[in-house]
Amino acid sequence: MKKNFFLIGLLCVVCSCSSTKSKFSPINAYLTEKVKTNDSIIIIANKINNNYTLDLWKKRASISENPNIKESSIDENPRVFEEKFWIEMNSKYRNHDKNIDSLWLKQTLWQQKDFKSFKVKFMPENTFPKPYLYNEYNKAMDKKNEMTVFSFSEPMMYKKEYVVFAKAITTTKQKYIEPRSFVIMKIENGKWKIVKEINDGYYD
């Protein structure tokens, strides 16, 4: 009997680990394309609120092709957005907690186990140096080797074949960590591939 309980418990742990690995594998695949082998990176520990991603995609999808609008800021060629599937995703992933009304989630944090293949240093968003707030911490950071810094929201499934998540990339010297874009990925031949990255239209 004890043996059976042990086996059941072990199976639950294995299933839990597999689920976690599968859930965050798109972001790890994204990092694999962006990070050089053996490079150390910084990841903002606070996750980006999914509401940001949902709202930005809805906004950019409402904008049609226009010679004055850069293609990287709209969902075209090919268009992935479909209203009915966005509504489903919005219903499942939108954060309705009235106590969480910020861009950065305060209690939901990234951990090393989410990025096992990378050398990661985690830093809370509120302590990450800001370009408009130059203090002793910033001075110390500037003296070190420049490192790439990422921030992410959790991946959201879309149409059972895509994942969508917000991201930001900066460096310890540039210091602009606010997200301005999101990523759409799709699994092909057993691997997650980037379909497109769509920005907010304020930069390219």
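**Close-up views of a predicted model**

**Figure 1. Surroundings of M89.** Leaving out residues up to four places away in sequence, M89 touches L54, W57, R94, M156, M157, Y158 and V164. The model shown here and in the other views is predicted. Apart from the core described in Figure 2 lies another core, of 19 residues, with I27, A29, W110 and F150 among them.

**Figure 2. The largest nonpolar core.** This core has 27 residues, of which W57, M89, Y158, V164, I177, F182 and I184 touch the most other members. At least two core residues come from each of strand 1 (40–44), helix 2 (50–61), helix 3 (83–93), strand 6 (156–158), strand 7 (162–171) and strand 8 (181–188). The most are given by helix 2, with 5 residues. In soluble globular proteins, nonpolar side chains tend to be buried together.

**Figure 3. Helix 2 and its N-terminal cap.** Helix 2 consists of 12 residues and spans 17 Å from its first C-alpha to its last, close to the 16 Å expected at 1.5 Å a residue. At the N-terminal end, helix 2 is capped by N49, with a side-chain oxygen of N49 lying 3.0 Å from the backbone nitrogen of N51.

**Figure 4. Packing of helix 2.** Helix 2 is mostly covered, as 9 of its 12 residues are buried. These are N50, N51, Y52, T53, L54, L56, W57, R60 and A61. The buried residues of helix 2 pack against one helix element, helix 3, and against strand 2 (46–48), strand 6, strand 7, strand 8 and strand 9.

**Figure 5. D200 and its contacts.** D200 is located in the segment after strand 9 (191–199). D200 counts as buried because its relative accessible area is 8%, under the 20% limit. When neighbours within four places in sequence are set aside, D200 is in contact with L56, R60 and R180. Of these partners, L56 and R60 are among the buried residues of helix 2.

**Figure 6. K116 in a loop.** The loop between strand 3 (104–109) and strand 4 (119–123) contains K116. K116 counts as exposed because its relative accessible area is 70%, over the 50% limit. K116 and N28 are separated by 88 residues in sequence, while their C-alpha atoms are 8.8 Å apart in space.

Conventions. Residues are numbered from 1 along each chain as its sequence is written. This is a predicted model: local features need pLDDT of at least 70, side-chain atom pairs count only at pLDDT 80 or more; totals for chains, interfaces and linings use all residues. Side-chain values use heavy atoms; hydrogens and water are left out. Helices (H or I, at least four residues) and strands (E, at least two) are DSSP runs, numbered from the N terminus. Buried means under 20% relative accessible area, exposed over 50%, partly exposed in between (1.4 Å probe, protein chains only). A nonpolar core is a set of buried Ala, Val, Leu, Ile, Met, Phe, Trp, Tyr and Cys residues joined through side-chain atoms within 4.5 Å. Contact means heavy atoms within 4.5 Å. The expected span of a helix is 1.5 Å times one less than its number of residues. A polar contact is a pair of N or O atoms within 3.5 Å; within protein, one must be able to donate a hydrogen and the other to accept it, and residues adjacent in sequence count only if both atoms are side-chain atoms.
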